[in-house]
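Here's a quick walk through a protein model, written for someone who likes to check the geometry alongside the text. Have the viewer open as you read.

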Amino acid sequence: MVIIAASSYPLESAKEVGKRLLELPPLPPFLTIKGPFLDSEVGAGVRSINLFECDRAKTAEAMDYIITRMSNYIGVPGFTYSVRVWLEAKEALKLIGLA
């Protein structure tokens, strides 16, 4: 299972975001991360995504950790984020009885 945390913020907030990134606690052992991956556009700011992977049985714990992690950025001017669970195709097929 993959949980994608996406965020955006103005370029002027990049240093503060970077400082807070360096202060984040380590990941719990049941969770792995790919990212952050960054994209920036003049006038639009910075967009970032993190891909978190975990066993389906740990989804609730993973969401709690990720949402707490993202709350570390509250107060950064212009910072917004979303956290969503994404299923692999085979997991989605199981949910509709096709696997």
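What follows covers the overall layout, then the nonpolar core, one buried serine, and the charged pairs.

Keep in mind that this is a predicted model. The protein chain carries three helices and four strands, and if you read along the sequence they come in the pattern β-α-β-β-α-β-α. Taken along the principal axes, the C-alpha atoms fill a box of roughly 50 × 30 × 20 Å. Of the 99 residues in the protein chain, 31% are buried. The accessible surface comes to about 6500 Å², and carbon and sulfur atoms own 60% of that surface. As for how the chain folds back on itself, take the contacts with a separation of 6 or more: 68% of them join residues 24 or more positions apart.

Now for the inside. In soluble globular proteins, nonpolar side chains tend to be buried together. Here the largest nonpolar core has 18 residues, and the members that touch the most other members are Ile-3, Leu-31, Ile-66, Phe-79 and Val-83. Which elements give two or more residues to this core? They are strand S1 (2–9), strand S3 (45–53) and helix H2 (59–71). H2 provides the largest share, with five residues.

Leu-31 is a handy residue to click on. Setting aside residues up to four places away in sequence, Leu-31 touches Phe-52, Glu-53, Cys-54, Ala-62, Tyr-65 and Ile-66. Ile-66, then, is on the contact list of Leu-31, and both belong to the group that touches the most other core members.

Not everything buried is nonpolar, so to speak. Ser-48 sits in strand S3. Is Ser-48 buried or exposed? With a relative accessible area of 7%, Ser-48 counts as buried, because the cut-off for that label is under 20%. Leaving aside neighbours within four places in sequence, its contacts are Ala-5, Ala-6, Ser-7, Pro-36, Phe-37 and Leu-38.

On to the charges. The protein chain has 11 positive and 11 negative side chains, and the centres of the two sets lie 2 Å apart. Side chains of opposite charge can pair when their charged atoms come close. How many salt bridges does the structure hold? There are three, listed here with their N to O distances.

| Positive residue | Negative residue | N to O distance |
|---|---|---|
| Arg-20 | Glu-16 | 2.8 Å |
| Arg-47 | Asp-39 | 2.5 Å |
| Lys-58 | Glu-61 | 3.2 Å |

The pair Glu-16 and Arg-20 lies in helix H1 (residues 14–22). The two are four residues apart there, so about one helical turn separates them. Their surroundings are not alike in label: Glu-16 is partly exposed at 29% relative accessibility, whereas Arg-20 is buried at 19%. That 19% falls just inside the buried class, because the class takes values under 20%.

In the bridge between Arg-47 and Asp-39, Asp-39 is partly exposed, with 34% relative accessibility. For Lys-58 and Glu-61, both ends get the partly exposed label: Lys-58 has a relative accessible area of 30%, and Glu-61 has 39%.

Methods. Residues are numbered from 1 along each chain as its sequence is written. This is a predicted model: local features need pLDDT of at least 70, side-chain atom pairs count only at pLDDT 80 or more; totals for chains, interfaces and linings use all residues. Side-chain values use heavy atoms; hydrogens and water are left out. A nonpolar core is a set of buried Ala, Val, Leu, Ile, Met, Phe, Trp, Tyr and Cys residues joined through side-chain atoms within 4.5 Å. Buried means under 20% relative accessible area, exposed over 50%, partly exposed in between (1.4 Å probe, protein chains only). Contact means heavy atoms within 4.5 Å. Accessible areas come from the Shrake-Rupley method with a 1.4 Å probe; for residues, only the protein chains shown count as cover. Lys and Arg count as positive and Asp and Glu as negative; His and the chain ends are not counted. The place of a charge is taken as NZ of Lys, CZ of Arg, CG of Asp or CD of Glu. A salt bridge is a side-chain nitrogen of Lys or Arg within 4 Å of a carboxyl oxygen of Asp or Glu.
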